[in-house]
Amino acid sequence: MVTIGTWNLENLFRPGDDSAPEGSQEYESKLDALASTITDLAPDVLAVQEVGDPSALNDLAGQLKGTWRTALAEPDARGIRVGFLSKSALTKVGEISDFPDGLSPVQVDDEGGTIEQMGRSALKARIRKGGATIDVVSVHLKSKLLSYPGGRF
């Protein structure tokens with residue numbers, strides 16, 4: 001059996017960045033909480049979102065027991081990335097930004113503007129465990145409505 005999970009790490013930056021925890025103690029507390037939950041869940045591979053600083057993901061991997069491998073996509077306009085934490089080697093790692101053939105452009109605003117590529121690249125990778133070969137994808141999808149009822153943001 002292979003256990004696969006996904007988790008938005010909510011702006012995983014080291015202290016000193018605008019989106020980071022305010023100090024070292026808060027940062028260490030965040031890493032401890034993340035590592036504890038990952039340990040309890042015991043995934044073989046974890047797709048992650050909102051990794052700001054690649055060093056922060058390495059800090060998290062260092063908190064976990066055993067050997068964990070990491071892979072990250074290039075950052076988006078906000079400076080965040082998707083990626084993986086994996087107990088197994090990650091191979092055939094690559095970014096995906098183009099929509100598949102046959103998919104219509106996606107509306108991105110209330111004026112009808114569309115895109116034909118993802119605004120945030122996805123990351124794909126291949127793992128092998130127990131004779132099984134599995135392709136995994138980490139993606140950070142937009143979670144906001146184009147507009148909110150009553151003009152709310």
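In this predicted model, residues 24 or more positions apart account for 64% of the contacts in the protein with a separation of 6 or more. The protein has 153 residues, of which 31% count as buried. Along the principal axes, the C-alpha trace spans about 50 × 45 × 25 Å. There are 2 helices and 9 strands, and from the N terminus on their order is β-α-β-α-β-β-β-β-β-β-β.

**Helix α2 and its surroundings**

Helix α2 comprises residues 54-63, and A56, L57, L60 and A61 are its buried residues. These four cover an arc of only 145° around the axis, so they lie on the same side of α2. The elements against which they pack are β1 (4-12), α1 (24-41), β2 (45-51), β3 (69-72) and β4 (81-86). At the start of the helix, a side-chain oxygen of D53 comes to within 2.8 Å of the backbone nitrogen of S55.

Two packed helices are described by the angle between their axes and the distance between the axes. For α1 and α2, the angle is about 55° and the axes are 9 Å apart. Angles that fall outside the ranges for roughly parallel, antiparallel or perpendicular count as oblique, and α1 and α2 are therefore oblique to each other. Their crossing is right-handed. On the α1 side, the residues that meet α2 are Y27, E28, L31, D32, L34, A35 and I38, and their counterparts in α2 are A56, D59, L60 and Q63. Among these counterparts, A56 and L60 also belong to the buried residues of α2.

**The loop residue W68**

W68 is located in the loop between α2 and β3. A residue is buried when its relative accessible area is under 20%; W68 has 13% and is therefore buried. Beyond its neighbours within four places in sequence, W68 is in contact with I38, P43, D44, A61, L85, S86 and K87. Of these, I38 is one of the α1 residues that meet α2, and A61 is one of the buried residues of α2. The side chain of W68 also reaches the backbone oxygen of K65, at 3.0 Å. G16 stands 52 residues away from W68 along the chain, and the C-alpha atoms of the two are separated by 25 Å.

**Two residues with positive phi**

Most residues other than glycine have a negative phi. E50 has a positive value, with phi near 60°, and K92 likewise has a positive value, with phi near 50°. E50 is placed in strand β2, whereas K92 is placed in strand β5 (residues 91-98). With a relative accessible area of 11%, E50 is buried; K92, at 60% relative accessibility, counts as exposed.

**S138 and H140**

S138 is placed in strand β9 (residues 132-138). At 0% relative accessibility, S138 counts as buried. Leaving aside neighbours within four places in sequence, the residues in contact with S138 are A47, V48, Q49, V82, G83, F84, A122 and L123. Two of these contact partners, V48 and G83, offer backbone oxygens to the side chain of S138; the separations are listed in the table below.

H140 lies in the segment after β9 and, at 13% relative accessibility, counts as buried. Not counting residues up to four places away in sequence, H140 touches N8, Q49, E50, I80, V82 and R120. Q49 and V82 thus appear among the contacts of H140 and among those of S138. The side chain of H140 makes polar contacts with the side chain of E50 and with the side chain of R120. E50, one of these two partners, is the β2 residue described above for its positive phi.

The table gathers the polar contacts made by the side chains of S138 and H140.

| Side chain | Partner | Distance |
|---|---|---|
| S138 | V48, backbone oxygen | 3.0 Å |
| S138 | G83, backbone oxygen | 3.2 Å |
| H140 | E50, side chain | 3.3 Å |
| H140 | R120, side chain | 3.3 Å |

Technical notes:
Residues are numbered from 1 along each chain as its sequence is written. This is a predicted model: local features need pLDDT of at least 70, side-chain atom pairs count only at pLDDT 80 or more; totals for chains, interfaces and linings use all residues. Side-chain values use heavy atoms; hydrogens and water are left out. Buried means under 20% relative accessible area, exposed over 50%, partly exposed in between (1.4 Å probe, protein chains only). The arc is that of the directions from the helix axis to the C-beta atoms. Contact means heavy atoms within 4.5 Å. A polar contact is a pair of N or O atoms within 3.5 Å; within protein, one must be able to donate a hydrogen and the other to accept it, and residues adjacent in sequence count only if both atoms are side-chain atoms. Axes are lines fitted to C-alpha atoms, for helices over the stretch in contact, and angles run from 0 to 180 degrees between N-to-C directions. Angles under 35 degrees count as roughly parallel, over 145 as roughly antiparallel, 65 to 115 as roughly perpendicular and the rest as oblique. A crossing is left-handed if the near helix is turned anticlockwise from the far one by less than a right angle, and right-handed if clockwise.
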